[in-house]
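Here is a quick tour of one chain, for anyone who likes to read a fold contact by contact. Have the viewer open and follow along.

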Amino acid sequence: MLSSTVLLAAGADLPEPVAPGWQLVVAALVGIAVIVVAITLAKVHPFLALVGGGATVGIVAGESIPTVLDSFTSGFGSTAAGVGILIALGAMFAKLLADSGGADEIVDTIVGHASPRMLPWAMALVGAVIGLPMFFEIGLVLLMPVIYLVARRSGLGLIPVGIPALAGLSAMHGFVPPHPGPLVAIDALGADLGLTLALGVAVAIPTIIVSGPLFATVAGKWVQVEAPHTFDVDPDDGPATRRPSFAITMFSVLLPVVLMLGKALAEIFIDDEDQVLRRVLDILGTPLIALLIAVVVAMFTLGRGSGMDRQTISRCTGAALPAIAGILLIVSAGGGFKQVLVDTGIGTLLADWATGANVPVLVLAWVLAALIRLATGSATVATITASSLMLGLVDTLGSGEISLVVLAIGAGSVFLSHVNDAGFWLVKEYFGMSVGQTFKTWSMMETLLSVSGLVVVVLLGLVI
């Protein structure tokens with residue numbers, strides 16, 4: 001069972017506080033306030049806000065400016081090296097999946113075999129599968145034509161069909177790597193990626209069911225929205241494309257997942273680290289290797305399989321990178337902010353405080369992420385900041401327990417999307433809803449996803 005409090009191990013490698021406790025608390029609060037105000041009121045880009053927040057923490061804590069700069073650039077570089085490559089590879093894979101028609105093949109196959117009564121459940125499955133390799137915004141844009149079409153053909157309306165798909169997308173974004181949020185938390189807290197991926201899927205399934213198909217039946221009664229004809233296209237328009245088959249597409253999507261899970265299972269069931277099978281699975285399941293293999297394989301199964309030539313495949317993978325430049329900068333700046341917090345000793349201070357206050361570590365992780373999410377509107381910023389603040393509290397935890405802390409942070413990071421979240425406005429405009437209707441549907445769905453995710457994580461903590 002995951003203990004409710006955490007004691008720092010003797011000889012922990014976290015630095016000693018550089019200032020009195022009250023000063024460090026003020027430094028952390030002021031730094032977070034700078035980030036929140038800059039993003040929400042001044043409309044500053046999160047990258048610049050995180051840079052300013054990191055500098056503020058170090059200066060208020062009493063560190064010299066060169067020391068603060070050294071801490072920030074060190075954290076920035078290590079995060080870019082550890083997480084940035086994975087995000088770039090994930091974006092390339094997602095672009096291949098979309099441009100090859102593989103994503104459309106998944107959608108059409110799953111939805112085409114569902115009865116009208118089962119359509120919300122099918123759409124939840126579609127959202128989860130598409131959301132596994134894709135960022136939320138990309139998956140939403142990709143799925144909207146399908147959501148419109150299914151809503152019109154079934155006569156169910158836009159909410160009962162669309163909310164389950166959004167739940168699937170959002171759950172994958174919050175709980176399952178290689179999405180930026182989970183990757184940042186895994187990297188910051190030193191969690192095992194394969195194990196976190198497996199537990200993330202286990203947490204995502206019940207949360208998608210609760211916040212997706214089940215909630216959609218209620219939300220559909222609150223808000224009735226008809227699907228527009230925005231994406232209606234004449235099938236005779238444009239050149240025909242050859243899609244990869246459903247089996248080939250699913251093989252490509254699940255390949256990196258299987259490789260990373262294989263590494264996690266090998267670590268659990270094969271004790272001898274020198275055994276050939278263990279060593280092979282360790283290498284293939286390393287996140288960088290697994291995603292690199294997936295992209296190379298997808299160039300053939302999805303790229304060549306859909307009729308792309310080498311030049312087209314090269315353009316496709318290259319076009320994926322400009323769209324994620326902002327995400328990479330935000331994530332890396334978050335790593336710099338984290339390192340400043342670490343070097344000031346605030347992590348050690350919080351660990352001591354949590355021990356004395358008897359605060360459940362999973363609940364604390366969720367609350368920190370949820371509060372920052374409410375303030376900034378960014379799930380990624382919430383994950384980065386909460387992970388930084390939790391560093392001193394996971395020092396004595398086992399691998400499975402640290403993975404649950406990562407997932408608790410992920411659950412808190414999607415709490416109550418509202419007007420300071422770009423996703424709120426994206427959903428509002430695509431669904432043609434008012435602000436009030438968006439709160440009743442999208443915001444409520446995100447809240448259910450977050451709370452049910454915490455409940456599942458806590459239940460898993462009873463047995464891990």
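## I384 and its surroundings

I384 sits in helix α17. This is a predicted model, and in it I384 comes out buried, with a relative accessible area of 2%. Setting aside neighbours within four places in sequence, I384 is in contact with V184, I330, V331 and G334.

One of those partners, V184, is worth a second look. I384 and V184 are 200 residues apart along the chain, yet their C-alpha atoms are separated by 6.4 Å.

## The helix around it

What about the rest of α17? Eleven of the eleven residues of this helix are buried, so α17 is largely enclosed by the rest of the structure. The buried set is A379, T380, V381, A382, T383, I384, T385, A386, S387, S388 and L389, so residues such as T383 and S387 fall under the 20% cut-off for buried too.

## α8 against α17

Now bring in α8 (residues 180-189). This helix packs with α17 (residues 379-389) at an angle of about 15°, and their axes are 9 Å apart. An angle under 35 degrees counts as roughly parallel, and α8 and α17 are therefore roughly parallel to each other. The crossing of α8 past α17 is right-handed.

On the α8 side, the contact is made by G181, V184, A185, A188 and L189, and on the α17 side by T383, I384 and S387. Sorted by character, the residues of this contact come out as five nonpolar, three polar and no charged.

## α8 against α18

The other pairing to look at for α8 is with α18 (residues 399-413): the two axes come within 10 Å and cross at roughly 140°. That angle makes α8 and α18 oblique to each other. Here too α8 passes its partner, α18, in a right-handed crossing.

From α8, the residues involved are P182, A185, I186 and L189; from α18, they are I402, V405, V406 and I409. This contact divides into eight nonpolar residues, with no polar and no charged ones. A185 and L189 turn up in the contact with α18 and also in the one with α17.

## The loop after α18

Which way does the loop between α18 and α19 (422-431) go, buried or exposed? L416 is found in this loop and is partly exposed, with a relative accessible area of 29%. L416 also has a positive phi of about 45°, although it is not a glycine.

S417 has its place in the loop between α18 and α19 as well, but S417 is buried, with a relative accessible area of 1%. A polar contact of 2.7 Å joins the side chain of S417 to that of W442. Not counting residues up to four places away in sequence, S417 touches R373, F424, W442, S443 and E446.

## S170 and E446

E446, one of the residues touched by S417, also leads us to S170. The side chains of S170 and E446 make a polar contact of 2.5 Å. S170 lies in helix α7 (residues 158-175) and, at 3% relative accessibility, counts as buried.

Leaving out residues up to four places away in sequence, S170 touches F136, V414, E446 and L449. E446 therefore has contacts with two buried serines, S170 at 3% relative accessibility and S417 at 1% relative accessible area.

## Another positive phi

K43 is another residue with a positive phi, at about 60°, although it is not a glycine. K43 is found in the loop between α1 (21-40) and α2 (46-60). Is this residue buried or exposed? K43 is exposed, with a relative accessible area of 65%.

## The chain as a whole

Stepping back, the protein chain has 20 helices and zero strands. Of its 464 residues, 56% are buried.

Take contacts between residues at least 6 apart in sequence: 82% of them join residues at least 24 apart. The pair we began with, I384 and V184, touches across 200 residues of chain.

Note on methods:
Residues numbered from 1 in each chain as written. Predicted model: local features only at pLDDT ≥ 70, side-chain atom pairs only at ≥ 80, totals over all residues. Heavy atoms only, no water. Helix = DSSP H or I, 4+ residues; strand = E, 2+ residues; numbered from the N terminus. Buried < 20%, exposed > 50% of the residue type's maximum accessible area, 1.4 Å probe, protein only. Polar contact = N/O pair within 3.5 Å; in protein donor to acceptor, adjacent residues only side chain to side chain. Contact = heavy atoms within 4.5 Å. Axes fitted to C-alpha atoms, helices over the stretch in contact; angles between N-to-C directions. Parallel < 35°, antiparallel > 145°, perpendicular 65-115°, else oblique. Left-handed = near helix turned anticlockwise from the far one by under 90°. Nonpolar A, V, L, I, M, F, W, Y, C, P; charged D, E, K, R; others polar.
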